[in-house]
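Q: Please take a close look at a single part of this model, and then show me how that part sits within the chain around it. I am in my first year, so please explain each term as you go.

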Amino acid sequence: MAGSFVHLHNHTQYSLLDGACRVEDLVALAKEYGMPAVAVTDHGAMYGTIEFYKAARAAGVKPILGAELYLAPKSRHDRAGGPSEGAYYHLLVLAENDEGFRNLMKLSTTGFLEGFYYKPRIDLEVLAEHARGLIGTTGCMSAEVATHLLKGEDAAARQALERYLDIFGRDRYYVELQRNGVPGQEELNAALVRLAREYRLPIIATNDVHYLRQEDAAFHDVLLCIQTGKFLSDTNRLRFATDQFYLRSPEEMRALFSDIPEACDRTLEVAERCNVEIRLGRAELPAFETPHGESADEYLRQLTYAGARRRFGEFGEDIRQRLDYELSVIQKTGFAGYFLIVQDFVSYARRSGIPVGPGRGSAASSLVGYCLGITNINPLDHGMIFERFLNPERVSMPDIDIDFADDRRDEVIEYVVRRYGKDRVAQIATFGTMAARASIRDVGRVLQVPYAEVDRLAKLVPSGPGVTLQGALAESEELRKRYESDASVRRLIDLARQVEGFPRHLSMHAAGVVIAPQPLIELVPLARTSDGAVVTQFPMEHLEELGLLKMDFLGLRNLTVIRRAVDLIERHHGVRLDVDNLPLDDRKVYEMLSRAETEGVFQLESRLFKGMMRDLQPDKFSDLVAALALGRPGPLQFLADFAARRHGRQEIRYALPELEPILRDTYGIIVYQEQVMRIATKLADYTPGQADVLRKAMGKKKPEEMARERERFIEGMVGRGYDRKLAEDLFAEIERFAQYAFNVAHSAAYALISYQ
C-alpha cells in the first residue's frame with residue numbers, strides 16, 4: 001500500500017446537495033488513482049453508506065465508513081445560540097470495526113432524535129457512551145480544537161484535546177491536517193503539529209473532498225446556491241474559499257505534505273485499521289410469538305389448513321398438494337414468520353372493519369396467502385403460479401404489499417407498532433431528486449435567468465416519468481437548436497445536467513414500513529424528517545439488501561369509497577353487501593363497462609380505458625383482467641389484435657395445439673408473465689423455478705442471460721421431440737411478447753376492485 005492512501009472527508013450526493021459527486025464516480029476515480037481505500041464521511045448522517053460500501057467492494061477499493069458529526073458545545077439538549085454563534089462543532093469519526101459501525105449508527109441516530117438543533121447534534125456524554133470501535137481526529141477547521149486554536153485560545157484547545165483523549169484513548173485519536181488553500185489553514189496546521197508533538201500524538205493528512213475534479217468547483221457552487229436559496233451573484237452567501245476541495249491523487253497528496261511525510265504514512269495506518277463487514281442478503285426477520293410455543297412453520301400450517309377449510313369446505317387432493325408444496329417452500333426458505341406477521345396485521349384490519357384489498361403484485365399467486373386471508377382472490381381460478389411470487393431456485397425476500405382504506409391505514413401501522421415495539425418499527429426514508437425540468441428551473445434561478453426564459457426552456461423538456469435532459473436534447477428539436485446556438489442556454493443546460501438526479505430533500509416513503517427483530521438503532525441509523533416523522537436513514541432498496549422486513553402499507557382511496565357505498569346501501573335499503581364475495585358473472589356490470597360508464601371506477605376512468613371498454617365489450621371477468629394488463633404503454637400495441645380476435649374479426653392461431661389451453665383466455669396472445677412460464681414448463685422441460693428465471697430474463701432484456709435461456713429453451717423442446725426450427729421460432733415469438741407481459745396476479749386482484 002506504499003504510495004497510496006485514503007482520503008477521509010468525502011461528501012457524496014447523499015449529502016443532499018452539499019457534495020457534488022456520485023458514489024460510483026468517487027469509487028471509479030479512487031480506483032483509477034490506485035487508492036487502496038476511500039472513506040465517505042457525510043455531514044451528520046449516513047444516507048449513502050450501503051451504496052458506497054457496495055460500490056467500493058465491487059471496484060476492489062476498501063470502503064471506510066464514518067461521519068462528520070455535529071457536536072453540541074454543552075449538552076445535545078441545549079438550544080442556545082445559532083450556527084454562527086457556536087451551536088455546534090464538527091467531529092470526524094471512523095468505524096474501526098463492526099462494533100464501531102454500530103456505535104456510529106447510534107451516534108447519528110441520537111443526533112437526529114435527541115440533539116437536533118439546526119443540525120443533528122450529539123454531545124460528549126453520548127460520544128463517550130458509544131466510542132468503542134471508533135477512531136476520532138481533531139477534525140477540520142470547524143472542529144472544536146481547531147476553533148479554539150484559530151481564536152488563539154490555546155488553553156481551551158488543550159482542554160478539548162484532553163477530553164477527546166479521555167474518550168478515544170491515545171491509540172484511537174489522531175491530529176488531522178488539511179491543505180485546501182483556505183486562509184488561516186497553514187497557521188492552524190502549525191499549531192496542530194505543535195500540539196501533536198507536545199502530546200506525542202500521531203498526525204494524519206486528509207483531503208476534504210466535496211467534488212471530484214478541480215473543474216467541478218463551479219458546479220458545486222451552483223449546488224450550494226440551490227440548497228441555500230441564493231443567487232450565484234450574491235456576495236454574502238455560503239461558498240467555499242478555494243477550488244481545492246477535489247479528490248487529489250496519491251502523488252498530489254504526497255507532494256502536498258512533502259514536509260510532513262509521516263502524515264501520509266499515518267493515514268495509511270488508519271486505512272489498514274478500519275475493517276467493517278456489513279452483512280448483506282441475510283434475512284433479519286422479527287420473531288413471531290405463536291400462541292402455544294409451536295414453531296412458526298407448524299403454526300403457519302395450522303392456520304393455513306384452518307383457512308382452507310373456511311375457503312373450500314371439504315377440499316380435494318389438488319388443493320392439498322398445492323398447499324403442501326407452498327408450505328414446504330416457505331419452510332425451506334425460512335419465511336414462515338413473514339407470512340405470520342402479515343396474516344396477523346391483515347387479520348387485525350379485517351376484525352377492526354378496515355377494508356383490505358384483495359391483493360397486489362405477485363403475492364396473490366400464493367394459495368397459502370389466500371387461505372390465510374392475506375389475499376382474497378383464488379390463484380387456482382386464474383392460472384397463477386406460486387414461483388412467480390416465491391422462487392425456491394432463486395430465493396429472495398417475499399414482497400407482500402397490502403392495500404388498506406386510505407382513511408384507516410394509519411390504524412394498521414399503529415397496531416404493528418404496538419405489537420412489535422416502537423423501537424422496532426419505523427417508516428422508510430426516500431430522497432426527492434432533481435428531475436429534468438426542475439433542474440433547469442433551479443439552475444436558471446441561481447443564474448438569475450429571467451423566469452419567462454427559464455419557463456420556456458423547461459417546457460421544451462417532454463413530460464412523463466424517466467425523462468432526462470440528455471433524452472430531451474435528442475427528442476426536442478427546438479431545445480437542441482437553442483442549446484447549440486445560444487451559449488447562455490448551453491451553460492444553463494450543462495449545469496442542469498450535472499444537477500439532475502441529485503437528492504433535493506429527505507422525506508418519508510408514502511407506504512414503506514420496516515419491522516426489525518431488535519431495536520432498529522442496532523441495525524440502521526434513523527433520522528427525523530422536517531415534519532417530525534422518524535424514518536430510517538437508508539432507503540428501501542438498501543433495507544432490503546440488509547435483509548430487513550420491509551412492507552408497503554398502501555392507502556387506497558377506492559377501498560374507502562367502496563366501504564362508504566356499502567354503508568349507504570345498508571342505511572337506505574337495509575341490505576349489507578359482502579363485497580369480498582360478489583358473484584363475478586353479473587351481466588349488468590359488464591353491460592355498464594361496455595358502455596364505458598366508468599367514472600369513479602378503479603383503474604378504468606381514463607379516456608384510454610373507456611375506449612378499451614367500448615372496443616372489448618367485456619362479458620366475463622377474464623376480459624377485465626386482460627384489459628388491466630393490456631392498458632400499459634408496451635402491451636397496448638397488442639390491444640387491436642386482442643379485440644379483433646375476441647370479436648372474431650381475426651383468426652386465432654396457435655403454433656402448437658399444446659398452447660391453446662395456456663392462451664385460450666387471451667385469444668392466442670401472450671399477455672401474462674405466467675403464460676410464458678407455463679409454456680416453458682409444458683414444452684421446454686423447465687421447472688417452475690427455472691421458468692421464473694426465464695420470465696425475469698425476458699423482462700430485463702439482458703443479452704447474456706437471454707442467450708443462456710434461448711439455448712436452454714430450444715434444447716428443452718428438442719429434448720421433448722419438437723422440431724428445432726419450431727422451437728427457435730416459438731422462442732422468438734415468446735420473446736417479442738414477454739418483455740411486455742404483465743403479472744396476472746396483480747391484474748386479477750386489481751380487476752376485482754374495479755369489478756367491486
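**A close look at helix H8**

A: Helix H8 is mostly covered, since 9 of its 12 residues are buried, where buried means under 20% relative accessible area, exposed means over 50%, and partly exposed means anything in between, with a 1.4 Å probe and protein chains only. This is a predicted model, in which local features need pLDDT of at least 70, side-chain atom pairs count only at pLDDT 80 or more, and totals for chains, interfaces and linings use all residues. Residues are numbered from 1 along each chain as its sequence is written, and side-chain values use heavy atoms, with hydrogens and water left out.

The names H8 and E12 come from DSSP runs numbered from the N terminus, a helix being H or I over at least four residues and a strand being E over at least two. The expected span of a helix is 1.5 Å times one less than its number of residues. For the 12 residues of H8 this gives 16 Å, which agrees with the 17 Å between its end C-alpha atoms.

The buried residues of H8 are Ala217, Phe219, His220, Asp221, Val222, Leu223, Leu224, Cys225 and Ile226. They pack against helix H16 (436-446), helix H20 (487-499) and strand E12 (503-515), where contact means heavy atoms within 4.5 Å.

Both ends of the helix are worth a look. Ahead of it, Glu215 lies in the loop between strand E9 (208-209) and helix H8 (217-228), and because its relative accessibility is 60%, Glu215 counts as exposed. Glu215 is 28 residues from Asp243 in sequence, and the C-alpha atoms of the two are 7.9 Å apart in space. At the other end, just after H8, Gly229 takes a positive phi of about 70°.

A positive phi also turns up at residues that are not glycine. Arg200, in the loop between helix H7 (185-199) and strand E8 (203-206), has a positive phi of about 55° although it is not a glycine, and with a relative accessible area of 77% Arg200 is exposed. Ala596 has a positive phi of about 65°, again without being a glycine; it lies in the loop between helix H23 (587-594) and helix H24 (607-616), and its 7% relative accessibility makes Ala596 buried.

We can also follow strand E12, one of the elements that H8 packs against. In the loop between E12 and strand E13 (526-528) we find Pro517, which is partly exposed, with a relative accessible area of 23%. Leaving aside neighbours within four places in sequence, Pro517 is in contact with Glu284, Leu285, Pro286, Arg424, Leu523 and Leu548.

Finally, we can step back to the chain that holds H8. Its secondary structure comes to 32 helices and 15 strands. The radius of gyration, taken over C-alpha atoms, is compared with a globule rule of 2.2 Å times the number of residues to the power 0.38; the chain has 30 Å, close to the 27 Å that the rule gives for 756 residues, so it is as compact as a globular protein of that length. Along its principal axes the C-alpha trace spans about 90 × 75 × 65 Å. Of the 756 residues, 56% count as buried, and residues 24 or more positions apart account for 75% of the contacts with a separation of 6 or more.
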